[in-house]
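Reader: Hi! Could you walk me through a few side-chain contacts and a backbone detail here?
Author: Happy to; have a look first.

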Amino acid sequence: MNLTIAGLTARALFGRRRLLLLLPMPILLIGLTALAAGTSADPAGWGPIVLGDLGLGVILPLTALIIGSSVLGLEIEDGTITHILSKPVPRSEIIFSKLVVAWAATVAATAVPLAIAGAIAESPLLAIGLGLGTAVGALVYTALFLALSLLSRRPVAVGLVYIMLWENVLTRFVDGARVLSVQQYSTTLAGGIADTELLTGQILPLTAALLAIAFTALGATVATTRLRSFTLTGETS
């Protein structure tokens, strides 16, 4: 990893007003969990909705979309990508550095709040499971959305369609779609680690782990290949 590029990416990322959109979501998640846990309601009734549908199904992918599409996409929009491309740094190293920053920021904004919510909802083991499952999902999502920012001029719009239609609609009604769902990878791994009924994945844990690795590698490879086609004017060759 190139520490200079990682440092510049982190400073640019945290200087964007777009990141302010992320602040209410973790607070909402922890607040709803604490509110539900303070009642006499069975966690089996509200846990899957708050932790699974809201946490892993909405907050995680939306956060990864905002961050993953920003670490390089905004530099392409304002033309500052040329400064990076003019440096004698391999494009694969640029992508890897930006992916690490995007992943770390997404983990901080999602895995930590979900782990806290898991501890409130059930147990420290659920906190560990949710933290690790969310971290894996964050890695896959950020790799895919980083690649998307290099493939589309409207990565956020395309990403929102993907999250709403594929991750939250088709996977509920089409069995085969679940195999290609990042949300399912996170849910399966989190539920398997925590051994809880609050999070029940629809695929095998080994399958989830292997597919998570495969799609992360695919996203990073596509992003690197696409960035190699950029010239110093910021346009594709």
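**Contacts and a backbone angle**

Author: D53 is a good place to start: its relative accessible area is 29%, so D53 is partly exposed. Please keep in mind that this is a predicted model.

Reader: Thanks! With which residue does D53 form a salt bridge?
Author: The closest N and O atoms of the pair are 3.7 Å apart, and the cut-off is 4 Å. D53 sits in helix α3 (residues 43–68) and its partner in helix α8 (residues 155–173), so the bridge ties together parts 119 residues apart in sequence. The partner is partly exposed because its relative accessible area is 44%. The residue you want is R172.

Reader: Are the rings of Y141 and F145 stacked or edge-to-face?
Author: Three aromatic pairs are counted. In the pair of Y141 and F145, the ring centres are 5.7 Å apart and the planes meet at 5 degrees. Planes under 30 degrees apart count as stacked, so this pair is stacked.

Reader: Which residue forms an edge-to-face pair with F145?
Author: Here the centres are 6.2 Å apart, with 75 degrees between the planes. The pair links helix α7, which holds F145, to helix α8, 17 residues apart. F145 is buried, at a relative accessible area of 3%, whereas its partner is partly exposed at 23%. That partner is Y162.

Reader: Lovely. Which residue other than glycine has a phi near 50 degrees?
Author: Most residues other than glycine have a negative phi. The residue with this positive value is found in the loop between α10 (182–194) and α11 (205–228). Its relative accessible area is 68%, so it is exposed. The residue is D195.

How values were computed:
Residues are numbered from 1 along each chain as its sequence is written. This is a predicted model: local features need pLDDT of at least 70, side-chain atom pairs count only at pLDDT 80 or more; totals for chains, interfaces and linings use all residues. Side-chain values use heavy atoms; hydrogens and water are left out. Helices (H or I, at least four residues) and strands (E, at least two) are DSSP runs, numbered from the N terminus. Buried means under 20% relative accessible area, exposed over 50%, partly exposed in between (1.4 Å probe, protein chains only). A salt bridge is a side-chain nitrogen of Lys or Arg within 4 Å of a carboxyl oxygen of Asp or Glu. Rings of Phe, Tyr and Trp (its six-membered ring) pair if their centres lie within 6.5 Å; planes under 30 degrees apart count as stacked, over 60 as edge-to-face and the rest as tilted.
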